[in-house]
Amino acid sequence: MAKLLVKINKRHVGSTWDDYKRQHMSKEERAELDLRVSLIISLIEERKKANLTQKQLEKLTGVRQPTIAKIENGSMNPSVEVVMKLLAAMGKTLKIASL
């Protein structure tokens, strides 16, 4: 897990990202964030496994490359419809599973 560190006078002061989440987010917010990050990582991994660029995925799905980039960098929350389009182009689908 990534560490969140603050550099003060050439010394790192801070805690891990997990510590930060525990201190500043509710259990529900942490769970939602973890699911969102997991989805983003999975989308990126599957696109790369399929040897597709974002531009190629745009041509296959009609979802604009800048939108794909925003989804992948976490600055945009995609609709289920968009996620399904992206996954279908990579031969994948969405599955509901236990946490």
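Okay, let's start with Met 84, which is partly exposed, at 32% relative accessible area. You'll find Met 84 in helix H5, the stretch covering residues 80–89. One thing to keep in mind from here on: this is a predicted model.

So who sits with Met 84 on the surface? Together with Leu 39, Val 80 and Leu 94, Met 84 forms a nonpolar patch. Add up the accessible area of those four and you get about 310 Å².

Let me step back to the overall layout for a moment. The protein chain has five helices and two strands. If you read along the sequence, the pattern goes β-β-α-α-α-α-α, with the strands ahead of the helices. How much of the protein chain is buried? Of its 99 residues, 19% are buried.

Now to the charged side chains. As a general point, side chains of opposite charge can pair when their charged atoms come close. How many salt bridges do we count here? The count comes to seven, and I'll walk you through three of them.

Take Glu 46 to begin with. Glu 46 forms a salt bridge with Lys 49, and the closest N and O atoms are 3.4 Å apart. Both residues are in helix H2, and because they are three residues apart there, about one helical turn separates them. Are these two buried or exposed? Glu 46 counts as buried, since its relative accessibility is 17% and the cut-off is under 20%. Lys 49, on the other hand, is exposed, with a relative accessible area of 61%.

Glu 46 has another partner as well. Its side chain meets that of Lys 92 in a salt bridge, at 3.6 Å from N to O. Here the two ends come from separate places: Glu 46 lies in helix H2 and Lys 92 in the segment after H5, so the pair ties together parts that are 46 residues apart in sequence. As for Lys 92, we have a partly exposed residue, with a relative accessible area of 39%.

Next up is Arg 47, right beside Glu 46 in the numbering. Arg 47 forms a salt bridge with Glu 72, where the closest N and O atoms are 2.6 Å apart. Arg 47 is in helix H2 and Glu 72 is in helix H4, so this pair links parts that are 25 residues apart in sequence. What about burial for this pair? Arg 47 counts as buried at 9% relative accessibility, and Glu 72 is buried too, with a relative accessible area of 14%. Going back to Glu 46 for a second, salt bridges with shared partners join Glu 46, Lys 49 and Lys 92 into one network.

Last topic, the cavity. Searching the whole structure turns up one cavity of 30 Å³ or more, and the volume of this largest cavity is about 30 Å³. Which residues line it? They are Leu 43, Arg 47, Leu 57, Ile 68, Ile 71, Glu 72, Leu 86 and Met 90. The elements giving two or more residues to that lining are helix H2, residues 27–49, and helix H4, residues 65–72. H4 supplies the largest share, with three residues.

And what classes of residue make up the lining? Six are nonpolar, none are polar and two are charged. You may recognise Arg 47 and Glu 72 among the lining residues: that's the pair with the salt bridge at 2.6 Å.

Key: Residues are numbered from 1 along each chain as its sequence is written. This is a predicted model: local features need pLDDT of at least 70, side-chain atom pairs count only at pLDDT 80 or more; totals for chains, interfaces and linings use all residues. Side-chain values use heavy atoms; hydrogens and water are left out. On a 1 Å grid over the protein atoms alone, a cavity is a set of points where a 1.4 Å probe fits but cannot get out, and a pocket is an open set with protein on both sides within 12 Å along at least five of seven lines; lining residues have an atom within 4 Å of a point. Grid points are joined across faces, edges and corners, and a volume is the space filled by probe spheres set on the points. Helices (H or I, at least four residues) and strands (E, at least two) are DSSP runs, numbered from the N terminus. Ala, Val, Leu, Ile, Met, Phe, Trp, Tyr, Cys and Pro count as nonpolar, Asp, Glu, Lys and Arg as charged, and the others, Gly among them, as polar. Patches are made of residues with over 30% relative accessible area and no salt bridge: like charges are joined within 9 Å, nonpolar side chains (Val, Leu, Ile, Met, Phe, Trp, Tyr) within 5 Å. Accessible areas come from the Shrake-Rupley method with a 1.4 Å probe; for residues, only the protein chains shown count as cover. Buried means under 20% relative accessible area, exposed over 50%, partly exposed in between (1.4 Å probe, protein chains only).
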